[in-house]
Amino acid sequence: MPRSDGALKYDRDGRLLFTRRMKREYTLLMPQMLPITFTMMKKVFELYGYKVDMLTSTHRGIVDTGLKYVHNDTCYPAILVIGQLLEALDSGNYDTDKVALLITQTGGGCRASNYIHLLRKALRRAGARHIPVVSVNLSGLERNPGFSLSLPMIRRLAIAMIYGDLLMWLRNQCKPYETTADAADILAAHWTDALVAMFGRGRGLSKKEIALRAADIAADFARLGRAGPQKTLIGVVGEIYVKYAPLGNNGLEDFLLAEGCEPVVPGLTDFMIFKINNRVVDAELYRGGALKKVVAGVFQRYIEGLQRVMIDAVKSQPVFRPMGSFRDLRRLVRGYVGYGNKMGEGWLLTAEMLELIHAGVGGIVCAQPFGCLPNHVAGKGMIRKIKDDYPHSNIVAVDYDPGATRINQENRIKLMLSNCKDGRDATAPSPQPETGDKITVSTAGRELRPATLPR
Amino acid sequence: MGFTVGIDIGSTTVKTVVLSESGELLFRAYERHFSRAREKAAQQLRGARGLLGGREAAVVITGSAGLGVSKASGIRFVQEVYATASAVRRYVPDADAAVELGGEDAKIIFFGDSLEERMNGSCAGGTGAFIDQMATLLNVGVGELDELALRCERVYPIASRCGVFAKSDIQPILNQGGRREDVAASIFQAVVDQTVAGLTQGRELTGKIVFLGGPLTYLKGLRMRFTETLKLDSEHAVFPDDADCFAALGAAALCERGDAAPFDDTLELLERSADCAALADTLEPLFNTREEYDAFRARHGAAAPPVCDAERYEGAGYLGIDAGSTTTKLVLISPDGGILYDHYGPNMGDPVSVVLECLREIRARFDGRVDIKACAATGYGEDLVKNAFGADLGIVETMAHYRAARYFEPDVDFIIDIGGQDVKCFKIRRGAIDGIMLNEACSSGCGSFVETFARALGYGTAEFTRLGLFAREPVDLGSRCTVFMNSSVKQAQKEGASIESISAGLSISVVKNAVYKVIRASSPEDMGVKLVAQGGTFLNDAVLRSFEREIGAFVTRPAIAGLMGAYGAALAAMDSGTERSALLDAEALANFEHTARPTTCGGCTNKCALIINTFGGARKYISGNRCSKPLGAEPSSGPNLMRYKLEKLRAMRGTGAGTGARGKVGIPFGMNMYEDLPFWFEFFTSLNFDVALSPESSRAMYVKGQRTIPSDTVCYPAKLMHGHVECLIDEGVDAVFYPCMPYNFDEGVSDNHYNCPVVAYYPELLQANIKRLRDVKFLAPYFGLHNRRGFERMAGEFFYESFGVPARETRLAAGRAYAAYGRYKRDILREGAEIMERAREQGKRIIVAAGRPYHIDPEINHGIDALITSLGLALVTEDAIPRLPRRGGARKRGVLNQWTYHARMYNAADAVCARADMQLVHLVSFGCGTDAIASDELREILEAGGKLYTQLKIDEVSNLGAARIRLRSLIAAMDDADAAAGDERYAAV
């Protein structure tokens, strides 16, 4: 029985609801994870009538606020995201009677499914229990009258994700070589705006249009002025938040750029397909849920289709190294962890490390929050076997935590870098980035350059 | 190339070497830099001026603190492990591996076909710093520590996860009278175990091994532990010359033409870099002005005991002894609370001697004048002191502290006590302790950390903390634990932070650790209205100030903040009404003799490390025991569901009702097998398999498997699985069966029914990391028992493929297995109900130990069950509490109730709230991420139901001292609550 508390409405379990009226009057605050992609996603929300503000603050106060309101043994992303949201409420920039918080919920067996509850606990402790929290999920958890993900909206979010991945991928391949400072970022920002405007007009959404736009984007990036020798490729994998968010990984990408490397950061699309595919796998492993399996299968195929369009667009410019497809990843991970390993980043994390090795990276940073449970197995737990199978693989696991010092993290990354630079020196001219279709299981590792020490 | 110079700027020391063109070592320096890394580096290089002045030399910097210097000076930097590796290649070309220990980092480099370089994870930092700290703890220099270690007779098992844990294990051994020689060796052994377990990660450390770095160059005892542990002979253990400078040698070797420059220019660059400092994270100053500080001092001057003329006083006296973990405190009071005598000092690893000295002094000064009517002991060493000196009563330290706080603030409703090792907080409601928060192992030792740190820099603690009072930019050093703080301090030092900023930062970190990790408070209302802050650490104004700042409220700090435990004990002695104390008299003290002999109890599988203390040849006191067996009494046979379950499960091996004809299936007895074994045993025996169960977990088994553990922060139960699997392989089974199970049974009380990610997928980790598993049939299929029909089909396919078992047989076996599992669960419920019923008949209190099924493993809980029952409590587990129906009884959770094991704990907490005679104790494994969610929720449920939340964190640390104090505090609080309830009933009549 819904009960009312003044203007606030609650569901039968006492959860504060986000009402239709709130949709009109409230501003939704959302944390940022991937700068480009989340900017576009924010626009999609706005197209559907939500007022959204994305938080981009990065100062130390966020961690302190997080530590104050969240159990300190919880994972670092929760401390950061909740700290950032509460800090924003406290900043005086928002009318706290007209603001709600947006947070994602995956619904799996990892702690991340509980972030939303930790956020509510934190709000209670901060004396802000009147602020509604809205769950963004595809599992049907926590419905709200004033918020729903309609199919057309999900479609736009998915497309925003595709464009976001494409822009990030190309930007990362241009940034280390750009002849005009920030040209790659400016181009990415330009396209972000242009695409959002297109979304507003209902354009750029069909597969055909996406293919055209994506090809335009790739062509634009190909025209950017670039110079200099090929830099060492360094892959970044890990727990989704610390992998992407500069706030979570102490600006890892910038650090790698400053060290003279080209960061290779696999996109969000594979993670999304992975999460959808988990439902299909569940149905196969434990039986049951036939309908779910069909629905998930349809959705998976749709996004895989979009991914193919994106890969083709990158391939249309041979100067760029294309990303692998979800299918490639699935094939690579066989013999390491099972497809049932789905909590957190699950088997995808292992697969991404393998994909990066096959793509010829000199080293990999495996980033995770201190004590990350799924990564004990899929991250740190697989490095040994990867090393056995690919003796010259060069992976460093780095823990991120409020108490871990940046200097320790950077020192470990530097160790990894000095090993791969060695390898590069050993083979005279650096090979050009490999252009796709190189992923074959049988020749695994043999294409790699040996990492040796000077004698 | 001409001269080459390598400068290694580490966390604690600076090393400089100069090599000639032919590679000859012309100059070397190795010195501690005492936080002045840049100055020291410049100074050392200046030292080479006679050699290099006016010439060209190539210079390369390395070392963890070298990065900043390199940036500031423009001199090239190479990573230090990389540098070390190239030095080893050059000087010991046939080395198979190198182990290097430094002040902050430990490294292992494997040579051979595939080069691997490893550095310790963030959690296991501070190797050299740890040895320094431990030496301080024993009140000896590092050199003396080494000498002590060479004279050891036995080595204690000490948690090797990190310095904080090791310290938690060492402290009680000292307090119980362990020999310092043995402790010293055990400290080195802990370093060895940590290095070997944490860094080898599945790669065997064999062949010719080179040992490098300062500690391994200078400490013979440490070398000995390494060579013994790795079973190396003198040919395979290489301790090269200049092993302390290898990274610097490597840096010199890595010099390239481009690095060459006129020496004097380079020197100037380095000298200039010494001056620039840029602090990243700074905080508000503690005090901006002298006036602010004076006002603060005046406010805190009020709470002091009455003045009393100790030299002339005649009459009754009451003595309190607080034998704490790092300090010993004694207070002798007059009946009005005036202090006649007090002592506060380090126990120097030998509390008995310290107390003896004090007592002799007291007898000498006061005999004839003051009649000591009663004496009470408290603290970690309570029992030892009580037995040694004839104290009349022992009192739990929490109660002692409360008693003292009440003296100064009768309406106190919150006490925070920060001592050397522990942080204790109590909430008080209606005159009884209503909530206890004690730090867990991870956040312990903050108080003494400040002390050791001050001493390392050559200051007294008081002097050091005073430095921070007016620091303009205190540095932010984080709050996770002292290992992390230590590393933050190093970073701050590298950035050029002043001693003042670091001092203030440390005081603030100690407080943050207490407020956010122990109390988990986000506002002063979370604590109370009348707060009393005590414990030795609060004597520091900087700590007190940052506490008031952090919580935004004023508190009372008694003038005797450091003596409160002893003062409370003295007051309790007075309350006891004892008229004639049994305390040893002057003569007995003069003839007092004490010997301590370590031994291992053979009474049961716990293998407790006992220390037998003898006093004057006649009286004996045994410590280190978990039950009463070694004391000659019968082992405690109190109602104990944990033991009942364990015995039931252990019996499930062999062929059961089947023939065993299909072969021998090995099942590792750990993790979720503690829940699912009844199912799988029935399943396999029905299919005529012989079921081999790995032995019960033990420390030895853990050690057997520890080399293949890839993640040092995973929980202990998971780490044990490596040993279990190794044992099964040794036994020679036909297959090892350990399925991946993301889903648990759906018991209908939760939103979802997952296992935690570690339980779910650990088999895959084992398969990838234990090479021997590739030689046996390792079966790790994904199974979901929650969906019976699905399981029957999947298992049918799987066992047909693996063993050719017809699907129909598998289906039948599955049916029996489900039935057997149901029987087992019902049996637990029945036995639990019986225990609870019997307890109620006998008027016993009931403790629900809420944890995971595998927490009944004695190696994981370290005999906590015996401890609980020995305290006269009846013990049941969370799965013996009948499920409250989702609709109706159980309330909606404040969390997503996503894991089956947690759902049981929430359910048990609800049930406990409904009964006056029940309490819940939450068992948590260190590193259990899911319990970060569950502990807050359990606390909320229990506190809303008027119960205490008691958490026992268990890990490799095998000492139960902390657990005992928590449990005794819980009992004392229950007594108090019952007494208060009785009073109310009485008042109502």
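Of the contacts in chain A with a separation of 6 or more, what share comes from residues 24 or more positions apart? The figure is 74%. Keep in mind as we walk through it that this is a predicted model.

Let us stay with chain A for a moment. Its secondary structure consists of 17 helices and 10 strands. With a radius of gyration of 22 Å, close to the 23 Å that the globule rule gives for 455 residues, chain A is as compact as a globular protein of that length. If you follow its C-alpha trace along the principal axes, you find spans of about 75 × 50 × 50 Å. Of the 455 residues in this chain, 56% count as buried.

A good place to see burial at work is helix α5 of chain A, residues 115–125. Here 10 of the 11 residues are buried, so the helix is largely enclosed by the rest of the structure. Among the buried ones you will find Tyr115(A), His117(A), Leu119(A), Arg120(A), Lys121(A) and Arg125(A). What lies over them? The cover for the buried residues of α5(A) includes α3, α4, β5 and β6 of chain A, together with α34 of chain B. After α5(A) comes Gly127(A), whose phi is positive, near 70°.

That helix from chain B leads us to the contact between the two chains. Chain B brings 70 residues to this contact and chain A brings 64 residues. On the side of chain B that touches chain A, several elements supply at least two residues each, including β7 (116–119), α19 (482–494) and α34 (930–944). The most comes from α28(B), which gives nine residues. By character, the residues on this side of chain B divide into 29 nonpolar, 26 polar and 15 charged.

Now follow α34(B) further into its own chain. This helix packs on a sheet, where it touches β29 and β30 of chain B, and its direction makes about 170° with that of β29(B). The sheet itself is open and has four strands, in the order β28-β27-β29-β30 of chain B, with parallel pairing. At its edges stand β28(B) and β30(B), each with a single partner strand, so one side of each is left without a neighbour in the sheet. On average, neighbouring strands here are turned by 30° against each other, direction ignored.

Look next at one pair within this sheet. Five bridges link β27 (residues 845–850) with β28 of chain B in the parallel sense. Val848(B) has Val876(B), in β28(B), as its bridge partner. Across both of these strands lies helix α24 of chain B (residues 641–650), which runs at about 45° to β28(B).

Val848(B) also turns up in another setting. The largest nonpolar core has 481 residues, and those that touch the most other members are Ile82(A), Leu119(A), Ile321(B), Ala570(B) and Val848(B). You have met Leu119(A) already, as one of the buried residues of α5(A).

What about Ile321(B), and which residues is it in contact with, leaving aside its neighbours within four places in sequence? The list is Leu330(B), Val355(B), Cys375(B), Ala377(B), Val385(B), Ala391(B), Ala566(B) and Ala569(B). The strand β11 of chain B covers residues 315–323, and seven of its nine residues are buried, so this strand is largely enclosed by the rest of the structure. Two strands pair with β11(B) in opposite senses. With β14 of chain B (residues 370–378) it runs parallel, joined by eight bridges, and Leu319(B) has Cys375(B) as its bridge partner there. With β12 of chain B (residues 327–333) it runs antiparallel, joined by six bridges, and Ala323(B) stands opposite Thr328(B). Three residues lie between β11(B) and β12(B) in the hairpin that they form.

Our last stop is a loop. Met527(B) sits in the loop between α20 and β19 of chain B. Is this residue buried or exposed? Met527(B) is buried, because 22 other C-beta atoms lie within 10 Å, and 20 or more are enough to count as buried. Leaving aside neighbours within four places in sequence, Met527(B) is in contact with Phe414(B), Ile519(B), Ala521(B) and Ile551(B). The C-alpha atoms of Met527(B) and Ile428(B) are separated by 9.6 Å, although these residues are 99 residues apart along the chain.

How values were computed
Residues numbered from 1 in each chain as written. Chains lettered and ligands numbered in written order. Predicted model: local features only at pLDDT ≥ 70, side-chain atom pairs only at ≥ 80, totals over all residues. Rg over C-alpha atoms; globule rule 2.2 N^0.38 Å. Buried ≥ 20, exposed ≤ 12 C-beta atoms within 10 Å, placed from the backbone. Contact = placed C-beta atoms within 7 Å. Nonpolar A, V, L, I, M, F, W, Y, C, P; charged D, E, K, R; others polar. Pairing = 2+ DSSP bridges. Axes fitted to C-alpha atoms, helices over the stretch in contact; angles between N-to-C directions. Core = buried A, V, L, I, M, F, W, Y, C linked by C-beta atoms within 7 Å.
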